[in-house]
Every structure is written in structure tokens, then in C-alpha cells.
Amino acid sequence: MPGRPVIFEDAIAFTVSAEGPVEPLAAEEIPLAMHPDWKSQRYASQEADASNTAATRYGVVILGCLLLFAVSPVLVNHGMLQFLTVVSYLACLSLVKMMVKETEMNGFARPWAITVCHMTVTFFISGAVAKPNFSQAIAVLPISLVTGAALLLNNTALVSGGVAFIAMVGCCTPAFTFVLQIMLGRIRLSTETVAPVLVVCAGSVMCVQAETTATMTAILLGMAATLFRSFKTVLQHEVLLTGISPIRLVFWSSFWSLTLLIPVVLDDWRSALQDFKNAPYEGKQGLIISSFLACGLNVTQCYSVKLLGALQLNVVGNLNLIMVIMIATGFMGETVAGMQYAGVIVLVTGAMLTARISRPSSELKMAEQESKEPPPKEPEKVPHLNQMPVCS
């Protein structure tokens, strides 16, 4: 005789079977339909879920408003088109990471091959628009070399240290960029310039919540990767000041990146192609979408660095942490800690303060032209008629 549930007044359920009664179920193990007041408990559970959903929505809205507020100086100082460019840069920066993760989790876990696909799409799309000038190719080569070095050092650091720790070190990119900008004479060293950068770095570190494990090797490698990442942005800004257009910078950067990456994946391209064929639809879709997002990321990044300068762009890049928290809360159901909310407020404050000390590239270029122009000559004085010599 199969067992059947029996409900007692004290809400302890037993199962009666042919072998006799078994141990009682704990209160939390009792099915909801077996509880005496199961209807009220179901309604209470639904109300709790609804309140949690509402709290999550409010949290996402608040984070989104803080993010837009942090980027609002771009709207005020430059206009709507430039504001949308920066917001698109932040969106692509967050979404491309999600799609790469989706691709790797669905049968195509080949980071180098994914990077080659990203650069290939960027190369062809930017090349169709840019009308490349071959005289500018060599000027962009150092940027690609520095980018490759930063990627290599960062991946090596992940072997020796935890992901969260390397992310925290990466949050200090504005500080490294600030030092490089001082060395180039772009920013003056003072309390008014140092404090906002430190606030941005502190807020960014507070936004990263996870286990932090690292060795001295990971610390050194992570700092080296951050330095090269800062150096890349500074080099991009300096090259753009020479007159090269952002879309041509994207084209030649993707060209040199492909030149450097193709030998790395050439030996293993057959197995990579086989993995792509065997990957499910979600993996293939993720690779295609992430490739176009990467193209958008590269283009908007170059236009943003021309608009904002190297330091302010890295500060805006750290605002990506807010968008990551929004995605994790709104779509993945993760809980945001109070320390992370505090970090968001500190980060936004630092971004607003940094916007006051970072000069856009147009102003820098004008300042350079003014410094190169010779001082205006004083007009020659014409002698008065009474002072002219009289011929005898």
C-alpha cells in the first residue's frame, strides 16, 4: 500500500506506508499544500516576492540615475551626441563581457580565437569607413604592442591571483594614468588634482566584493598590466592629437592586433573551428553578437578618448562597475551589499570631481598651437610730422 500524507494539528507530517510510520518531517520540509494555513502562507510568500522585485527595480533605477548623473558633465560641456557616445561606450564595455562569458560557457572557451574574431569584425567594418592612410600605420603600432602586453600580463596575473584582486588592482588605472599625464605635462600636480583620482580609485575598489587572494607575483603582474593599460590610453590620446581620425586609429589598431594574434592561434585553428562547429546555438550566437559589440566598443572608446582625454576616459571606464552591478541585480538576481552601494556613491563623487580637472583634447590642442605661435609683433611707430627731419 503506497504511503499517503497525514496532517496532524501540530503541523507535523508523517508518511504511513506498508512498513509502518517513518520519522516526522521538519517544519521547513513540509510541503506548502500540507500546512493547515497553506493559503495564508502562499499569499505571504507572493507578497514577499513582490516586495523583493520592487526593491530590486528601485535599486536598478537608483543605480541608473547615479550612472547618468556621473556622465552628465559630458552632456553639459559637449552636447547630446557626445553624451550618447560615452553612454554607448559604457554599454558595450559591459555587454561584450557578458556575451564573451556566454560564449565560453556554451562550448567555445577559446579566448584567443574570440579575440581574433573581434578584431576581424572591427578591421573590416572600420576599414570600410576609414579609407586608411598607410602613412599613419607605424604611428599606431606602439599602441597595439602596449595593448598586447597589457593583455598578456593580465592573463598571467590571473593564474597567480584571484579574479577579484586583479579587478581591484585594475580599478587603480586612473591613478596610473594620472601619473603618466603629469609626466607629459598634461595635468598639474596639486591637492585639487590628486584628491578626485584617489576618491575614484577608492570607490571602485569598494564596488568589487569577492574573495581576494593574491601572491606577490600576482601583485606585480597586476600592477604591470594596469600600467600598460594606462599607457595605451595615453598613447591613443597623443596619437589623436597629431590629427589622425578615431576611425582610422581603430582600423590600424585592429590590423596590428590581428598581425600579432594570428601566429598565436594559427597552430590550433583547426580544433578551434571544430569547437565552433560543435558549439550549441547559444555559443555561436554569443560569439557573433560579442564581435559586433567589440567593434562598437573599439570605435566609441577612440571617440571618447579624443573627447575626454586619457584620464577622464579611465574614470568613465570605472563607472562600468555600476552598470555591472545593475545587470547583476536586475537580470541575475544577485544581492548588492551595502558596501557596494557606498562604493557607487564614492565613485560617482570622484567622477564628478575629476571632470573638473581633466581638460578635453580640443583645449589641449589649442593650447599647444598657442604655445607654438610666436608672440605678436608690436606695430611700428610712425614718426610725427614735427619729428621728421627737415631737408635743407
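Hi everyone. Before anything else, when I say contact today, I mean heavy atoms within 4.5 Å. The structure in front of you is a predicted model, so please hear every value as computed from that model.

Let me put that word to use straight away with Phe 251. This residue sits in helix 9. Setting aside the neighbours within four places in sequence, Phe 251 is in contact with Phe 123, Ser 126, Gly 127, Ala 130 and Pro 132. Is Phe 251 buried or exposed? Its relative accessible area is 8%, under the 20% cut-off, so Phe 251 is buried. There is also a pairing with Asn 298: the two residues are 47 apart along the chain, and their C-alpha atoms are separated by 9.5 Å.

Now the overall picture. The protein chain has 15 helices and 3 strands. Of its 392 residues, 39% count as buried. If you take the contacts with a separation of 6 or more, residues 24 or more positions apart account for 81% of them.

Back to helix 9, for some geometry. What span should its 21 residues give at 1.5 Å a residue? The expected figure is 30 Å, and the end C-alpha atoms are 30 Å apart, so the two agree. Helix 9 does bend, though, by about 30° at Leu 260. A proline, Pro 263, follows within four residues of that bend.

Next, for those of you who like pockets, the second largest one. About 430 Å³ of space lies in it. The lining has 20 residues, and the closest to the centre are Phe 108, Ala 113, Cys 117, Val 265 and Ala 272. Which helices supply at least two residues each to this lining? They are helix 3 (111-130), helix 9 (246-266), helix 10 (269-278) and helix 11 (281-308). Helix 3 gives the most, with 5 residues. By class, the lining has 17 nonpolar, 1 polar and 2 charged residues.

Staying around helix 3, have a look at the loop between helix 3 and helix 4 (137-160), where you will find Lys 131. Lys 131 has a positive phi of about 55°, although it is not a glycine. As background, most residues other than glycine have a negative phi. Is Lys 131 buried or exposed? Its relative accessibility is 66%, and the cut-off is over 50%, so Lys 131 counts as exposed.

Let's move along the chain to helix 12, residues 310-318. How many of its residues are buried? The count is 9 of 9, so to speak, and the helix is mostly covered. Among those buried residues are Ala 310, Leu 313 and Asn 314. Keep these three in mind for Thr 233, a residue of helix 8 (residues 216-241). Beyond its neighbours within four places in sequence, Thr 233 is in contact with Val 305, Ala 310, Leu 313 and Asn 314. Thr 233 counts as buried because its relative accessibility is 4%.

On either side of helix 12 there are two more residues to show you, each paired with a partner far away in sequence. One is Leu 308, whose place is in helix 11. With a relative accessible area of 6%, Leu 308 is buried. Leu 308 and Val 74 are 234 residues apart in sequence, and 8.2 Å apart in space from C-alpha to C-alpha.

The other is Thr 329, found in helix 13 (residues 320-330). Thr 329 counts as buried as well, at 8% relative accessibility. Which separation do we get for the C-alpha atoms of Thr 329 and Val 60, 269 residues apart along the chain? The answer is 7.0 Å.

That's my tour. If you open the model, you could begin at Phe 251 in helix 9, then go on to the bend at Leu 260 and finish with Thr 233 in helix 8. Thanks for listening!

Notes. Residues numbered from 1 in each chain as written. Predicted model: local features only at pLDDT ≥ 70, side-chain atom pairs only at ≥ 80, totals over all residues. Heavy atoms only, no water. Buried < 20%, exposed > 50% of the residue type's maximum accessible area, 1.4 Å probe, protein only. 1 Å grid on protein atoms, 1.4 Å probe; cavity = no way out; pocket = protein on both sides within 12 Å on 5 of 7 lines; lining within 4 Å. Points joined across faces, edges and corners; volume = space filled by probe spheres on them. Nonpolar A, V, L, I, M, F, W, Y, C, P; charged D, E, K, R; others polar. Expected span 1.5 Å × (residues − 1). Bend = angle between axes of the 7 residues up to and from the residue.
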